[in-house]
Amino acid sequence: MTGREMQKPTKHFAGFALVESMVTVVVVAFGLLGVAGLVSRSFVTEVEAMQRAQAAMLMQDMVTRIEGNRGNAAAYVTGDSGITGYVSTTVAGVTTYSFASCNPAAPMADQDRCAWGQLLAGGNERIDNANAGVLVGAIGCVHEINDFNRIYAVTIAWQGASAGAAPIVDNNFAPAGCGR
């Protein structure tokens, strides 16, 4: 081939590689944004799963306490007010909250309720002398479902990372109102 036979690119094709590269960068950027969104959502889902696991362990803890003191099971009932693990004190119109301290001379049911409240407040997990519980704003409730058959329901409500499902309202099953 001689130099005369080679043709120069026409103006229509000049800069085509640059446009192709820019389109590729835009497509890759959208893909990376999607991956970033997926990673952040998976983090929220992981935290919520950990909170549910913690709540399940705390509910089982209270069930075990009630089973260990069956004769006084009715003394564990809290109703909708529930147990938070904190005590409020109002002085001169200012309300402060402090960690509940358990009385070792109190009846077993009171000691169990107090200890469970401390667990709900994250008393067994501390960072720099502050409670660092997994369940933010946790409140635990014990309801008596059937007095004759001695059936009780233990529920825990907390402030999660997302709104979650609305509680099921059933007039025959009181725990839907825990922590109202």
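Throughout this tour, buried means under 20% relative accessible area, exposed means over 50%, and partly exposed lies in between, using a 1.4 Å probe and protein chains only. The model is predicted, so local features need pLDDT of at least 70 and side-chain atom pairs count only at pLDDT 80 or more, while totals for chains, interfaces and linings use all residues. Residues are numbered from 1 along each chain as its sequence is written, and side-chain values use heavy atoms, with hydrogens and water left out.

**Stop 1: the whole chain**

Start with a cartoon view. You should find 2 helices and 6 strands, where helices (H or I, at least four residues) and strands (E, at least two) are DSSP runs numbered from the N terminus. Their order along the sequence is α-β-β-α-β-β-β-β. Of the 180 residues in the protein, 22% are buried.

**Stop 2: a valine patch on H1**

Now select Val19, Val23 and Val27, which make a nonpolar surface patch of about 260 Å². Patches are made of residues with over 30% relative accessible area and no salt bridge; like charges are joined within 9 Å, and nonpolar side chains (Val, Leu, Ile, Met, Phe, Trp, Tyr) within 5 Å. The accessible areas come from the Shrake-Rupley method with a 1.4 Å probe, and for residues only the protein chains shown count as cover. Val19 sits in helix H1 and is partly exposed, because its relative accessible area is 48%.

**Stop 3: a charged trio**

How many salt bridges does a search of the whole structure find? There are 2, a salt bridge being a side-chain nitrogen of Lys or Arg within 4 Å of a carboxyl oxygen of Asp or Glu.

Select Arg65 and Asp61 to see one of them, at 2.7 Å from N to O. Both residues belong to helix H1 and are 4 residues apart, about one turn of the helix. Asp61 counts as partly exposed because its relative accessibility is 24%.

Add Asp112 to the selection: its side chain meets that of Arg65 in a salt bridge of 3.3 Å, N to O. Arg65 lies in helix H1 and Asp112 in helix H2 (residues 108–120), so this pair ties together parts that are 47 residues apart in sequence. With 10% relative accessibility, Asp112 counts as buried. Through shared partners, the salt bridges join Asp61, Arg65 and Asp112 into one network.

**Stop 4: the second largest pocket**

Next, show Val63, Ile66, Glu67, Arg70, Ala73, Arg150, Tyr152 and Val154, the lining of the second largest pocket. On a 1 Å grid over the protein atoms alone, a pocket is an open set of points with protein on both sides within 12 Å along at least five of seven lines, whereas a cavity is a set of points where a 1.4 Å probe fits but cannot get out; lining residues have an atom within 4 Å of a point. The volume of this pocket is about 160 Å³, where grid points are joined across faces, edges and corners and a volume is the space filled by probe spheres set on the points.

Which element gives the most to this lining? H1 does, with 3 residues; helix H1 (16–68) and strand S6 (151–157) each supply at least two. Colour the lining by class and you get 5 nonpolar, no polar and 3 charged residues. In this scheme Ala, Val, Leu, Ile, Met, Phe, Trp, Tyr, Cys and Pro count as nonpolar, Asp, Glu, Lys and Arg as charged, and the others, Gly among them, as polar.

Pause on Arg150, in the loop between strand S5 (139–146) and S6. Arg150 has a positive phi of about 55° although it is not a glycine, and at 46% relative accessibility it counts as partly exposed.

**Stop 5: the enclosed cavity**

The count comes to 1 cavity of 30 Å³ or more, and the largest cavity holds about 30 Å³ of space. Select its lining: Gln54, Leu58, Leu119, Leu120, Gly122, Asn124, Glu125, Gly133, Val134 and Leu135. H1 and H2 are the elements that give two or more residues to it. By class, the lining of the largest cavity has 5 nonpolar, 4 polar and 1 charged residues.

Centre on Gly122, in the loop between H2 and strand S3 (126–127). Gly122 counts as buried, with 1% relative accessibility. A C-alpha distance from Gly122 to Gly137 should read 9.8 Å, for residues 15 apart along the chain.

**Stop 6: Cys178**

Finish with Cys178, in the segment after S6. Cys178 is buried at a relative accessible area of 12%. Its C-alpha atom is 6.8 Å from that of Ala157, 21 residues away along the chain.
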